[in-house]
Amino acid sequence: GPCFIKLGQLLSTRPDLLPKDYITALSRLQNTVTPVSSEKITAIIESELGAPVDELFQVFDCEPLATASMAQVHRAILRNGDEVAVKVQGPGGRQRIEIDIEILHEMARFATKYTSFGKRYGFLQIVRELERSLTQELDFQLEADSTRVIGKQLSEFQRLTVPTVYDDYTTRRVLTLSFIHGRHLADVSRAELDDLDSPTIATELLSAYLKQMVIDGFFHCDPHPGNIFLTDDNRLALMDFGMVGRFDADQKDRIIMLLLAFSERLGERVADTYLEMIEIPEDVD
């Protein structure tokens, strides 16, 4: 189900926790999940947008470009000739998430009650956060709003881009975005990256995320490699804003203090700042 796919995606970015073979296997979940049939996808689009697919689009490719935990993406061409990517939420997603979350809650309650590490790592809180974020992801209107906001935030970065939202073709279960030609970063060779002045691109990407977090307080919080493209014009395209985070003024200040302490190599200050940002379990010294 979607929750376990999402957990697998998260773990695929943590080589500090899992062996390399596990990371390689779980990385397939970043953009390769079993697709929903074209008949079901077409029915969802027609129900959501209120018209037959052949009236909405000049061309609609029934073969998905990518499949993810709760949705899949199809290439299409609008009646005005614009090339777009249509993200469609699969059938029964909400019910599957509710079942998955119920299972995870039961596992977390068991681990918390009967194991020391279950209490230490706050499994119940982790499941509650997962439930909240996945519930947000079920509403593509929220994702459309986040895409617009982050697009404005990053407009000053010449080497980054964000898709444009087509409001008339977007609902809670269908999200239509401008089509971005490019490749996943994993498909780009080291030699190609060296030719592209990759240090400058990486610096801009890092600067963009720092701006989102410590200036804007509104940031993309699902930047695994499946959600970052290298475009044909050698920019980085950030994709999939179903999961976003928010920091208030106090949290932004603490993040800045944490980063400054890191940059100055002040270990004790890093620890003190971090401890002020978190809830410390009673059994931890």
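## Starting with a word: buried

A residue is called buried when under 20% of its relative accessible area is left open. Keep that cut-off in mind as you look at this predicted model. Strand β3 (71-78) is a good place to try it out: six of its eight residues are buried, so β3 is mostly covered by the definition of under 20%.

## The whole protein

Let's step back for the overall view. The protein has twelve helices and eleven strands. Its C-alpha atoms fill a box of roughly 65 × 45 × 40 Å along the principal axes. A compact globule of 285 residues would have a radius of gyration near 19 Å, and the 21 Å of this protein agrees with that.

Buried residues make up 41% of the 285 residues. Among contacts with a separation of 6 or more, 60% are between residues 24 or more positions apart.

## Strand β3 and its partners

Which strands pair with β3 in the antiparallel sense? Strand β1 (residues 57-60) does, over three bridges, and β2 does too, over two bridges. With β4, β3 also runs antiparallel, and seven bridges join these two strands.

You can find individual bridge partners in the model. V59 has I77 in β3 as its bridge partner, while T67 stands opposite Q72 in β3. On the β4 side, V73 is partnered with K87.

Two hairpins involve β3. In the one that β2 and β3 form, three residues lie between the strands. In the one that β3 and β4 form, there are four residues between the strands, and G81 in the turn has a positive phi of about 95 degrees.

## Helix α1 and a buried loop residue

Now look at helix α1 (2-12). Its buried residues include P2, C3, I5 and K6, along with G8, Q9 and S12. What covers the buried residues of α1? The cover includes α2 (20-27), α5 (93-114) and α7.

Buried residues can be found in a loop as well: T171 is in the loop between β5 (160-161) and β6. Is T171 buried or exposed? T171 has 13% relative accessibility, so T171 counts as buried. Leaving out residues up to four places away in sequence, T171 touches E48, L49, F140 and Q141.

## The largest pocket

Here is an idea that helps with pockets: rolling a probe the size of a water molecule over the atoms shows where empty space is left. In this protein, the largest pocket has a volume of about 2,200 Å³. It is lined by 47 residues, of which L10, Q125, I126, E129 and L130 are the closest to its centre.

Helix α7 (residues 123-137) gives the most to this lining, with nine residues. By class, the lining of the largest pocket divides into 25 nonpolar, ten polar and twelve charged residues.

## The second largest pocket

The second largest pocket has a volume of about 680 Å³. Its lining has 37 residues, and A66, V73, G226, F229 and M239 lie nearest its centre. You have already met V73, the bridge partner of K87 in β4.

Several elements each supply at least two residues of this lining, among them α1, β2 (66-67), β3 and β4 (83-89). Others that do so include α8 (140-153), β6 (174-178) and β7 (182-184). The classes here are 16 nonpolar, 15 polar and six charged residues.

Note on methods: Residues are numbered from 1 along each chain as its sequence is written. This is a predicted model: local features need pLDDT of at least 70, side-chain atom pairs count only at pLDDT 80 or more; totals for chains, interfaces and linings use all residues. Side-chain values use heavy atoms; hydrogens and water are left out. On a 1 Å grid over the protein atoms alone, a cavity is a set of points where a 1.4 Å probe fits but cannot get out, and a pocket is an open set with protein on both sides within 12 Å along at least five of seven lines; lining residues have an atom within 4 Å of a point. Grid points are joined across faces, edges and corners, and a volume is the space filled by probe spheres set on the points. Ala, Val, Leu, Ile, Met, Phe, Trp, Tyr, Cys and Pro count as nonpolar, Asp, Glu, Lys and Arg as charged, and the others, Gly among them, as polar. Buried means under 20% relative accessible area, exposed over 50%, partly exposed in between (1.4 Å probe, protein chains only). Contact means heavy atoms within 4.5 Å. Two strands pair if DSSP finds at least two bridges between them. The radius of gyration is taken over C-alpha atoms; the globule rule is 2.2 Å times the number of residues to the power 0.38.
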